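Reader: Got a minute to walk through this model with me? I'd like to hop around a bit.

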Amino acid sequence: MSAFKSDFLRIMSERGFIHQISDESALDQLFAKETVSAYIGFDATAKSLHAGSLIQIMMLHWLQQTGHRPIALMGGGTSMIGDPSFKDEARKLLTPKDIEDNLVGIRRNFAPYLKFGSGPGDAVMVNNADWLMQINYVNFLRDVGRHFSVNRMLAFDSVKLRLDREQSLSFLEFNYMILQAYDFVELYKRVGCRLQMGGSDQWGNIVNGIDLGHRMEGVQLFAMTTPLLTTSSGAKMGKSASGAVWLDGDMLSPYEFWQYWRNTEDADVGRFLRLYTTLPLDEIVRLERLAGSEINEAKKRLATEVCMLLHGRPAAEQAAETARKTFEEGEISEKLPTIYVGRADLEAGLGILVSLVSAGLASSNGDARRHIQGGAVKLNDTLVTDDKRIVGLNDLTSNGIIKLSVGRKKHVLLRLP
């Protein structure tokens, strides 16, 4: 671990955010002597970011907490193409309306973590459509394209991987790295941005921007990347068995978000506490030393702290209390995730397999059947052993709900509208 002088890089290092830095010493000196503007780009491929983006958002959070200016770059322009980095095939092209709708949702994801405004340390949100959509193609080729070597671009891992697999890489996608490099230069010119941060899969794209900044503006720009995160078992961050772990509370309830973090594997607790919470390091060290069943207390603390940052303390504490009542007292809590089913559907009867899939507790009928065969499915806390079991009106409890469960930690309520 380098002995950084600046608060920001020291925190990044101590908490495990740093994978690569382009020039550690020069960047550390820059942070130590002036307010630094740094950015991370977010493409608008969905109406919300998910938990896989939280490591980047937390970097911007710490940047602001240490007195510097975070820039959240919305990829309104680059989303028209889609980043091909380490993808097996081209992304589905989005319409301008899709992108604008997605941007509206994504902007809300940042509000709990960053203070936006016009002050020197206030966060800034910009959209690269403001300049990319105005580009004159011939001028762009002449002024920017001439600085790029195709030989060098072909050598980047993100491109080489596709070519080695003999998978198509369109000219459209090939241009993405040029546009991202140009974003960096444009942000330097517009707001004095000196640092781009991102995941380690973005290293080649960011270095392109550094090189372009040197060639076009004669300035030293910087790169910093985070490790690509997976859980100890190799699962991708931000994905659960039932789908993406969205940051938007309307797309994933605070309870479900809390539960995702509560289910963290033992080996990941300390690492996730450092990356995804603002708890002091000495408290994190204490929590990660807990062993046996006590590690569950550390997981609950992790879940509550992460949920609190995103959804606020009342929602986080309510989620923790709902979990306690559900798992420790066996109660049916009104705060559990709920889906509504029509009376006519229940009168006709719903198959248990379809019910589990509709509730998001299984990915397919086959998956639901395996859960039943494994003894993991309960209906109103009663074990289900027949995969042809019908869920109907007579299963409604006195308070008008049906509780479906898979294992001890996944519960959904079925309710009439």
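**A chat about the model**

Author: Sure, and let's begin in helix 15 (residues 295–311), which is where Glu305 sits. Keep in mind that this is a predicted model.

Reader: Ok, is Glu305 buried or exposed?

Author: Glu305 is buried, because its relative accessible area is 11% and the cut-off for buried is under 20%.

Reader: And what does Glu305 touch, not counting residues up to four places away in sequence?

Author: With those set aside, Glu305 touches Thr277 and Leu279.

Reader: Let's zoom out. How many helices and strands are in the chain?

Author: The chain has 19 helices and 15 strands. Its radius of gyration is 24 Å, close to the 22 Å that the globule rule gives for 417 residues, so the chain is as compact as a globular protein of that length.

Reader: What box do the C-alpha atoms fill?

Author: Roughly 75 × 50 × 40 Å, taken along the principal axes.

Reader: How much of the chain counts as buried?

Author: 50% of the 417 residues. As for contacts with a separation of 6 or more, 72% of them come from residues 24 or more positions apart.

Reader: On to the sheets. In what order do the six strands of the open sheet run?

Author: The order is 1-6-5-2-3-4, with mixed pairing. Strand 1 (20–21) and strand 4 (124–127) are the edge strands, and each pairs on one side only.

Reader: Which helix packs on that sheet?

Author: Helix 2 (residues 24–33) does, touching strand 1, strand 5 (195–199) and strand 6 (222–226). The direction of helix 2 makes about 100 degrees with that of strand 6.

Reader: Now the pairings. How many bridges join strand 2 to strand 3?

Author: Seven, between residues 37–43 of strand 2 and residues 69–75 of strand 3, and the two run parallel. To pick out a pair, Phe42 has Met74 in strand 3 as its bridge partner.

Reader: What about strand 2 and strand 5, parallel or antiparallel?

Author: Those run parallel too, joined by two bridges. There, Tyr39 is partnered with Gln196 in strand 5.

Reader: And strand 5 with strand 6, how many bridges?

Author: Five, in the parallel sense. Gly198 has Thr225 in strand 6 as its bridge partner.

Reader: How many residues of strand 5 are buried?

Author: Five of its five residues, so to speak of it as mostly covered is fair.

Reader: What's the strand order in the five-stranded open sheet?

Author: That one goes 9-15-14-11-12, and the pairing is mixed. Strand 9 (338–340) and strand 12 (382–383) stand at the edges with a single partner strand each, so one side of each has no neighbour in the sheet.

Reader: How do strand 11 and strand 14 pair, parallel or antiparallel?

Author: Antiparallel, over three bridges, with strand 11 covering residues 377–379 and strand 14 covering residues 401–406. Lys378 has Ser405 in strand 14 as its bridge partner.

Reader: Switching topic: how many disulfides does a search of the whole structure find?

Author: Zero. Two cysteines I can tell you about are Cys193, which counts as buried at 0% relative accessibility, and Cys307, which also counts as buried at 0%.

Reader: Tell me about Gln64. Which helix is it in?

Author: Gln64 is in helix 3 (residues 54–65). Gln64 counts as buried because its relative accessibility is 13%.

Reader: What does the side chain of Gln64 reach?

Author: The backbone oxygen of Lys115, at 2.8 Å. Leaving aside neighbours within four places in sequence, the contacts of Gln64 include Lys115, Pro70, Tyr113 and Asp122.

Reader: Last one, Met153. Where does it lie?

Author: Met153 lies in helix 7 (residues 150–155). With a relative accessible area of 3%, Met153 is buried.

Reader: Which residues is Met153 in contact with, leaving aside its neighbours within four places in sequence?

Author: Phe148, Val159, Phe174, Met177 and Ile178.

Reader: And how far apart in space are Met153 and Ala38?

Author: They are 24 Å apart, C-alpha to C-alpha, with their positions 115 residues apart in sequence as the separation.

Key: Residues are numbered from 1 along each chain as its sequence is written. This is a predicted model: local features need pLDDT of at least 70, side-chain atom pairs count only at pLDDT 80 or more; totals for chains, interfaces and linings use all residues. Side-chain values use heavy atoms; hydrogens and water are left out. Helices (H or I, at least four residues) and strands (E, at least two) are DSSP runs, numbered from the N terminus. Buried means under 20% relative accessible area, exposed over 50%, partly exposed in between (1.4 Å probe, protein chains only). A polar contact is a pair of N or O atoms within 3.5 Å; within protein, one must be able to donate a hydrogen and the other to accept it, and residues adjacent in sequence count only if both atoms are side-chain atoms. Contact means heavy atoms within 4.5 Å. Two strands pair if DSSP finds at least two bridges between them. Axes are lines fitted to C-alpha atoms, for helices over the stretch in contact, and angles run from 0 to 180 degrees between N-to-C directions. A disulfide is a pair of cysteine sulfur atoms within 2.5 Å. The radius of gyration is taken over C-alpha atoms; the globule rule is 2.2 Å times the number of residues to the power 0.38.
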